[in-house]
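The exercises below are meant to be worked through with the sequence and the model side by side. Try each task before reading its solution.

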Amino acid sequence: MNIILLGPPGAGKGTQAARLVAERGMVQLSTGDMLRAAVKAGTPTGLKAKAVMESGALVSDEIVSGIIGEALDALSAGQGVIFDGYPRTAAQAESLETLLSDRARKLDHVIELVVDEDALVERIVGRFTCANCGAGYHDTFNRPKVDGVCDSCGGTEFKRRADDNEETVRTRMAEYRAKTAPILPIYDARGIVQRVDGMAPIAEVTDAIEAILDGKSA
Ligand code: AP5
Ligand code: MG
């Protein structure tokens, strides 16, 4: 099964993808995470992407479709994929079709996390992750069970993203509205979009997504 999680910055794509990976053994392909890894490693792609990401604008379609193609090639045929943060433009949606069909894969569901934009800045500004294993947290909504200690790996160092500030978030939201939201009708026309209330508590959002994957939801 191959699915897209679609939604604006802070909608919960990464949070939900991590939970599906843990519960279903699916593979998360997050272009944001892959680009941040490239920036950290100082690769040619990372050098091109760094300033663009810090501004909140979108990295070029060629770069992101290239990294998704490479990531798909590294998987075995039976592994289901959760696309997180990709595709984000009509051109990327087109590329994804070719990338999937070339690998005998198809898209099963596009799950839109429907959220209230006013809540997103608070979600993003409060977000942090474990510096060791990458587990995601929030200052208010998703704290580690023991303050300062990662639930997943016991790590005690945490980090925040360079683009998680209010000004950049506004640019990211504008990019979402202008370039990403318009790809939904393409998938709607194919009847594969399902909408989930992304304002519900994290575990309830996961339940709603799992019901869709299990064919228990319209
Ligand atoms: P990317 O990393 O994809 O960022 P984004 O789309 O802005 O989304 P976020 O990761 O900010 O949000 P999320 O939906 O994953 O939310 P999360 O689960 O963490 O992209 C970053 C940049 O990379 C882009 O701006 C662009 O420059 C570049 N890029 C990436 N992909 C690209 C592409 N395809 N094309 C071109 N450029 C690309 O949740 C947020 C917080 O809220 C967390 O703290 C979490 O704990 C909390 N939370 C989550 N769910 C809930 C809930 N239900 N209730 C309460 N709190 C919640
Ligand atoms: Mg994310």
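A polar contact is a pair of N or O atoms within 3.5 Å; within protein, one atom must be able to donate a hydrogen and the other to accept it, and residues adjacent in sequence count only if both atoms are side-chain atoms. The model is predicted, so that local features need pLDDT of at least 70 and side-chain atom pairs count only at pLDDT 80 or more, while totals for chains, interfaces and linings use all residues. Residues are numbered from 1 along each chain as its sequence is written, chains are lettered from A and ligands numbered from 1 in the order in which they are written, and side-chain values use heavy atoms, with hydrogens and water left out.

**Exercise 1. Describe the surroundings of ligand 1.**

Step 1. Begin with the polar contacts: a backbone N or O atom of G14 lies 2.9 Å from an oxygen atom of ligand 1, and a polar side-chain atom of R88 lies 2.6 Å from an oxygen atom of the ligand. A nitrogen atom of ligand 1, in turn, is 2.8 Å from a polar backbone atom of A200.

Step 2. Consider the cover next: of the 1,000 Å² of accessible area that ligand 1 has on its own, the protein covers 96% (areas come from the Shrake-Rupley method with a 1.4 Å probe; for residues, only the protein chains shown count as cover).

Step 3. Then list the shell, in which a residue counts if one of its heavy atoms lies within 4 Å of the ligand. It holds 33 residues, and the closest are T15, A57, R88, R127 and R172. The shell divides into 14 nonpolar, 11 polar and 8 charged residues, where Ala, Val, Leu, Ile, Met, Phe, Trp, Tyr, Cys and Pro count as nonpolar, Asp, Glu, Lys and Arg as charged, and the others, Gly among them, as polar.

Step 4. Finally, ask which element gives the most: this is α2, with 4 residues. Helices (H or I, at least four residues) and strands (E, at least two) are DSSP runs, numbered from the N terminus.

**Exercise 2. Work out the strand order of the open sheet of 5 strands.**

Step 1. Two strands pair if DSSP finds at least two bridges between them. By this rule the order is β2-β3-β1-β4-β8, with parallel pairing.

Step 2. Each edge strand pairs on one side only, and these strands are β2 (27-30) and β8 (193-197).

Step 3. Follow one pair in detail: β2 runs parallel to β3 (residues 81-84), to which 4 bridges join it, and V27 stands opposite V81 of β3.

**Exercise 3. Trace the open sheet of 3 strands and its hairpin.**

Step 1. The order is β6-β5-β7, and the pairing is antiparallel. Because β6 and β7 (158-159) stand at the edges with a single partner strand each, one side of each is left without a neighbour in the sheet.

Step 2. Between β5 (residues 127-130) and β6 there are 3 bridges; F128 stands opposite Y137, and the bridge partner of R127 in β6 is H138.

Step 3. The hairpin of β5 and β6 has 5 residues between the strands, and there G134 takes a positive phi near 85°.

Step 4. On the side of β7, β5 pairs over 2 bridges, and C130 stands opposite F158.

**Exercise 4. Where do the unusual backbone geometries lie?**

Step 1. Recall that most residues other than glycine have a negative phi, and most peptide bonds are trans.

Step 2. A cis peptide bond, with omega about -5°, joins Y86 and P87, and P87 is found in the loop between β3 and α5 (90-101).

Step 3. A104, although not a glycine, has a positive phi of about 55°, and its place is in the loop between α5 and β4 (109-114).
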